[in-house]
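Q: Got a minute to go through this structure with me? I'd like to start with the ligand and then wander around the fold.

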Amino acid sequence: MTANTLNPITANDIVAVIGAGTMGAGIAQVAAKFGHTVLLYDKMEGAAQAGLDRTAKGLEKLVSRGKMTAADKDALVNRIQATENLSDLAPAKLVVEAIIENLAVKQSVFSELEALCSADTILATNTSSISVTAIGSALKRPENLVGMHFFNPAPIMKLVEVIKGLATSESVAQQVYDLSVAWGKHAVMAKSTPGFIVNRVARPFYAEGMRVLQEGGADEATIDAIAREAGQFRMGPFELMDLIGHDVNYAVTSSVFDAYYGDQRFLPSLIQKDLVEAGFHGRKTGRGFYDYSDHAEKPEAKTRAIQNAPTSITVEGEMGCAEPLIARIEAAGIKVHRSTEHDHNGRISIGDLVIALTDGRMATERASVAQRRQLVLFDLALDYSQATRIALTKADQTSEESLNQAAGLFQAIGMQVSVIDDIAGMVLMRTVAMLANEGADAVNQQVCSAKDVDIAMQSGVNYPQGPLAWADSVGLEQIHTVLTHLVNSYGEDRYRPSPLLRRKVFGAQTFHG
Ligand SMILES: NC(=O)c1ccc[n+]([C@@H]2O[C@H](COP(=O)([O-])OP(=O)(O)OC[C@H]3O[C@@H](n4cnc5c(N)ncnc54)[C@H](O)[C@@H]3O)[C@@H](O)[C@H]2O)c1
C-alpha cells in the first residue's frame, strides 16, 4: 500500500516528530494526547530528552491546577520516547518535521527519512514559510510530503494549515486533514503559496496600523485601543507586533513581499525596519513600539473629554451595519427622528452637522464633494451594539464644536471617543477592508476556500470574526467602495479590490451566502 491510498491514521499508529524545540515538543504532546506512541528525535545531543522534560513540566502545571489527572499526565508522557537515532523512526506512519527553517536542511532530512521509512509513511513539514513543493522536489516520493502547519503554542492553538505542494497527493493531504481534526484541531486546506493562509491574510492587520501611525493619523496606544475596544481583537497591531518580535514579524512580511515579486499589497514598513535596525525587537528586548523597561508607563489611548449629549438626532436613510447604534441612542434617552426621504447611505444629523460611517474617503474630501462644512465620520466597529470605543474624525472645514457634538452623542451611549486625524478609511475600516480583500484574493487564486480563510484567521490568530464573514456583515459594496476610495486617495496598486470581491458585489452575492 502507498500513502496515496486513503488509509486513515489511527491512535494505534506511531507518529514521529523531528526537532524537539518550541514546536516539535508541542506537536509531540498533541499526538501523544490523542493516544499515539510518539518518537521524538532531535539531532542535538540531549535536546529530545530536554523537549520531553519541558512537555512533562508543562503538564505538571495542568495537574496542579486540576485540569488534568496525574495518571493521565504520566500516561501521556510515557507515550513519548526521546531518541537520538534517526533510524528509530522507521516504524512511524507519520513523521512531522519541526527543525530549523532551512530548505536544504529540510530536504536532506526528508531524503534520509524516505530511505528509512516505508513507502506509505506520510512526511509532514511544519514549515511556516518554505514552499512544500520546493522541499518535495528533492524527494523520490514527493506525493507523500505535505505541510502540517501548527501555530505556537501547538497544544493550545487550534489551527492546522494542511499545505498541498504541487506533487502532494490528494489522499495524503486528506489523511493529514482528517488526523488534525481527530487531534481536536481546526484544519484548513491550502495550496503551497507564500504565507499559506494566515501569514498572508494577516499582513494588513500590521501594515494598515503602521501606515496610519506613519501618517500621524493616531498614536500606537490609540490605534491599539480602537482595534481592541471597537474591533474586539484581543490585541492591537502594535502590542501584538511587540509580542511577536519585530525581527520575526518584519522577516515574515519581507519574505512574503519578495515571494510575490514585490506586490505592493505586501510592502514592508519603514517604521518596522527602523525598529529592527535599532535592535528594538519588542518585549523580548525591552523596547519595541512601547517601552517595557521597569519604570516605563504604558501610554494611554487618546480619549476625548466628556461633551454634552444632543437631545435629538435625525437619521436619514439606512444605517446598514451601523444600525445598532440607533437603538443605543434611543436607549440613552435621545430622541430619534427618522427620515426616509434620503436614499443615500445612512447618516445621522444634528442641525447642520452630518455624522456618517467612513466610506474610505478623507472627511475633508467628502465634505468638499458634498458641499457641506460640518462633517464628522465614524469608524467601523465589529458590533455597534457592544463596542466601548469609537474613532471619529472631522473634515478640515468642520468646526471643533461640531466634533464635540458628535463626540457627545457617542459618549452618551457609553462609548469612549478617540479623535484621529483625517486619514482615508480611518483605522478599523481600512484594516478590515484590506484583510477581507487579501482573503478574497487567496480564494480567487485558488489557494483555499472562503470558509477556510475565516477558520484560519479565527483559530490561528484569534480574530474576533473571519475577515470574509466580517466583510459580508459590513456589506461587500461598502467594502468595495472603501477600497476604491483608498486607491483614489493613495494612487497605490496596494488597495486594488480583488476581482472576486468585485464579482461578488456585481453579482449581489456574499462570501458565505
Ligand atoms: N516558533 C514558531 O512560532 C513556529 C510556528 C509555526 C511553525 N514554525 C516552524 O517550525 C519549525 C521549528 O521551529 P521552532 O520554533 O520549533 O524552532 P526551535 O529552534 O525551537 O527548534 C528546532 C529544533 O530542531 C533541531 N534541529 C535543527 N536541525 C535539525 C536536524 N537537521 N535534524 C534534527 N533536528 C534538528 C534543533 O536542535 C532544535 O531543537 C520551523 O520550520 C519554523 O518555521 C515555528
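Q: Which helices and strands each supply at least two residues of the shell around the ligand?
A: Keep in mind that this is a predicted model. Helix 1 (22-34), helix 4 (103-116) and strand 6 (145-150) each put in at least two residues.

Q: And which one gives the most to that shell?
A: Helix 4 does, with three residues.

Q: OK, which residues come nearest to the ligand?
A: There are 22 residues around the ligand, and the nearest are Met23, Asp42, Glu101, Lys106 and Ser128.

Q: What lies 2.8 Å from an oxygen atom of the ligand on the Lys106 side?
A: A polar side-chain atom of Lys106 sits at that distance from a ligand oxygen. Met23 also has an atom 2.8 Å from a ligand oxygen, but there the atom is a backbone N or O. Thr22 brings in a backbone N or O atom as well, at 3.0 Å from an oxygen of the ligand.

Q: How much of the ligand's accessible area does the protein cover?
A: On its own the ligand has 830 Å² of accessible area, and 75% of that is covered by the protein.

Q: Switching to the fold: how is the chain split into domains?
A: The domain assignment gives domain 1 (11-192), domain 2 (200-285), domain 3 (312-419) and domain 4 (429-506). Between the C-alpha centres of domain 1 and domain 2 there are 30 Å.

Q: What's the strand order in the sheet with eight strands?
A: The order is 3-2-1-4-5-6-7-8, in an open sheet with mixed pairing. Strand 3 (80-83) and strand 8 (186-191) are the edge strands, and each has a single partner, so one side of each has no neighbour in the sheet. From one strand to the next, the twist averages 25°.

Q: How do strand 1 and strand 4 run, parallel or antiparallel?
A: Parallel: strand 1 (residues 15-18) and strand 4 (residues 94-97) are joined by four bridges. One residue to click on is Ile18, whose bridge partner in strand 4 is Glu97.

Q: Which strands does helix 2 lie across?
A: Helix 2 (residues 47-64) lies across strand 2 (38-41) and strand 3, and it runs at about 150° to strand 3.

Q: What about the other sheet, the one with seven strands: what's the order there?
A: Reading across, it goes 10-9-11-12-13-14-15, again an open sheet with mixed pairing. The edges are strand 10 (335-339) and strand 15 (416-419); each pairs with a single strand, so one side of each is left without a neighbour in the sheet. Ignoring direction, neighbouring strands are turned by 30° against each other on average.

Q: How many bridges join strand 9 to strand 10?
A: Five, and the two strands run parallel, with strand 9 covering residues 312-316. Ser312 stands opposite Lys335 of strand 10.

Q: Which strands does helix 13 touch?
A: Helix 13 (residues 324-331) packs on the sheet and touches strand 9, strand 10, strand 11 (347-350) and strand 13 (375-378). Its direction makes about 140° with that of strand 10.

Q: Now backbone oddities: which peptide bond is cis?
A: The bond from Asn152 to Pro153 is cis, with omega near -5°. Pro153 is in the loop between strand 6 and strand 7 (159-164).

Q: And what is phi of Tyr261 near?
A: Near 55°, so to speak on the positive side for a residue other than glycine. For context, most residues other than glycine have a negative phi. Tyr261 is found in the loop between helix 11 (246-259) and helix 12 (270-278).

Terms used:
Residues are numbered from 1 along each chain as its sequence is written. This is a predicted model: local features need pLDDT of at least 70, side-chain atom pairs count only at pLDDT 80 or more; totals for chains, interfaces and linings use all residues. Side-chain values use heavy atoms; hydrogens and water are left out. Two strands pair if DSSP finds at least two bridges between them. Axes are lines fitted to C-alpha atoms, for helices over the stretch in contact, and angles run from 0 to 180 degrees between N-to-C directions. Contact means heavy atoms within 4.5 Å. Domain bounds come from an automatic or database domain assignment. A residue is near a molecule or strand if one of its heavy atoms lies within 4 Å of it. A polar contact is a pair of N or O atoms within 3.5 Å; within protein, one must be able to donate a hydrogen and the other to accept it, and residues adjacent in sequence count only if both atoms are side-chain atoms. Accessible areas come from the Shrake-Rupley method with a 1.4 Å probe; for residues, only the protein chains shown count as cover.
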